[in-house]
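Have the sequence and the model open side by side for this one. We'll walk through a handful of spots together, one at a time.

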Amino acid sequence: MSTTIGWTNETWNPVTGCSKVSPGCAHCYAERLVLTRLAGRPGYPGLPWTPENAERNVVLHPDRLDLPLNWRKPRRVFVNSMSDLFHERVPDVFVGHVFEVMARAKRHTFQILTKRPERMAQVLGPRGCGFYAVEGPVPRPQPNVWLGTSIENDRYVGRADALRDTPAAVRFISAEPLLGPLPSLDLTGIDWLIIGGESGPGARPMDSAWVRELVEQADAGGVSVFVKQASGPRAGKQGDLPGDLWARKEYPK
């Protein structure tokens, strides 16, 4: 499905539904979309994304697995924009099927973002099932798969450690929605940093000083930066970020 998300071209959702795990989830755009527009459609029960509802909300879609194989033009593909591939209700074997498809669809670049990097490291690390290819498990990162984690405030910077423990061709951090400064963030081993404010009803403010501090840290460490949006009622360019920050739309080298 085409998307307006600035850092990708396409979304692919072999899993839909999730449950909230940290403050960044409070105003989840995907949950809002489900509750206001998609409720009742196949795979969308229309229940709030609480842990208690996860059994019904998290739905596997095996029929969607082969979709990227039908896309001829190379694309950057955000995997599970409407879920989290490493949600505890997604079986390891299904994660393996997703990686097998990505290994076969070498012309595309796949971007996986999770708030559960500890499980990602467990599943994909040296003691896990490894990355999948057509011939079976292969304990090496696929060159067309980027792995990332979300970090919204300084309490969750430890997610970067779990990301570093996971083999990946490209590792990225999404500091979105950025809800506070990240003075403890270590960008060692990170290739790409996405920064963005929250959008939609009740969007929590993002201070441009937090953005500048992160950009300066990334520049010092040679990390590519993509400034996605300021906070406000809409997605996209809004708010008071200085022009030099808006201009940062880089991808990993």
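What follows is a tour that starts with a helix, moves on to aromatic rings and ends with some single residues. Keep in mind that this is a predicted model.

Let's begin with helix H6, which covers residues 208–221. At 1.5 Å a residue, its 14 residues should span 20 Å, and the end C-alpha atoms are indeed 20 Å apart, so the expected and modelled lengths agree. Look at which residues point inward: Trp210, Val211, Leu214, Val215 and Ala218 of H6 are buried. Those residues take up an arc of only 130 degrees around the axis, which means they sit on the same side of H6. What do they pack against? The buried residues of H6 meet strand E9 (170–175), strand E10 (192–196), strand E11 (224–229) and helix H7 (243–246).

The two ends of this helix deserve a glance too. At the start of H6, Asp207 brings a side-chain oxygen to within 2.8 Å of the backbone nitrogen of Ala209. After H6 comes Gly222, with a positive phi near 70 degrees.

Now for the aromatic rings. The model has 9 aromatic pairs. One of them joins Trp7 and Phe172, a tilted pair with 6.3 Å from centre to centre and 55 degrees between the planes. Trp7 belongs to the segment before strand E1 (10–12) while Phe172 is in strand E9, so this pair ties together parts of the chain that are 165 residues apart in sequence. Both partners are tucked away: Trp7 is buried at a relative accessible area of 3%, and Phe172 is buried at 0%. Another pair, Phe226 with Tyr251, is edge-to-face, with 5.6 Å between centres and 65 degrees between planes. Here too distant parts of the chain are linked, with Phe226 in strand E11 and Tyr251 in the segment after H7, 25 residues apart. Are these two buried or partly exposed? Phe226, at 5% relative accessibility, counts as buried, whereas Tyr251, at 26%, counts as partly exposed because buried means under 20%. Step back and you'll find both pairs in one aromatic cluster, made up of Trp7, Phe78, Trp146, Phe172, Trp192, Phe226 and Tyr251.

Next, find helix H4, residues 117–124, which is mostly covered, with 6 of its 8 residues buried. The buried ones are Pro117, Arg119, Met120, Ala121, Val123 and Leu124. Several of these names come back when you look at Thr166, a residue in the loop between helix H5 (159–164) and E9. Thr166 is buried, with a relative accessible area of 0%. Which residues does Thr166 touch, leaving aside those up to four places away in sequence? The list is Pro117, Met120, Ala121, Leu124, Leu147 and Arg171. As for Gly148, its C-alpha atom is 9.9 Å from that of Thr166, and the two are 18 residues apart along the chain.

Then there are the cysteines. If you're thinking about disulfides, the count here is 0. Why don't Cys25 and Cys28 pair up? The sulfur of Cys25 has its closest cysteine sulfur in Cys28, and at 6.6 Å that is too far for a bond, given that a disulfide needs the sulfur atoms within 2.5 Å. Cys25 is also buried, with a relative accessible area of 8%.

A few backbone and side-chain details round off the tour. Glu176 and Pro177 are joined by a cis peptide bond, with omega about -5 degrees. Pro177 sits in the loop between E9 and E10. Asn80 is another one to click on: its phi is positive, about 65 degrees, although Asn80 is not a glycine. You'll find Asn80 in the loop between strand E4 (76–79) and helix H3 (92–104), and it is buried, with a relative accessible area of 2%.

Last stop, Glu10 in strand E1. Despite its acidic side chain, Glu10 counts as buried, at 9% relative accessibility. What does its side chain contact? The partner is the side chain of Arg75, in a polar contact of 2.8 Å.

Notes
Residues numbered from 1 in each chain as written. Predicted model: local features only at pLDDT ≥ 70, side-chain atom pairs only at ≥ 80, totals over all residues. Heavy atoms only, no water. Helix = DSSP H or I, 4+ residues; strand = E, 2+ residues; numbered from the N terminus. Expected span 1.5 Å × (residues − 1). Buried < 20%, exposed > 50% of the residue type's maximum accessible area, 1.4 Å probe, protein only. Arc of directions from axis to C-beta. Contact = heavy atoms within 4.5 Å. Polar contact = N/O pair within 3.5 Å; in protein donor to acceptor, adjacent residues only side chain to side chain. Phe/Tyr/Trp six-rings, centres within 6.5 Å; stacked < 30°, edge-to-face > 60°.
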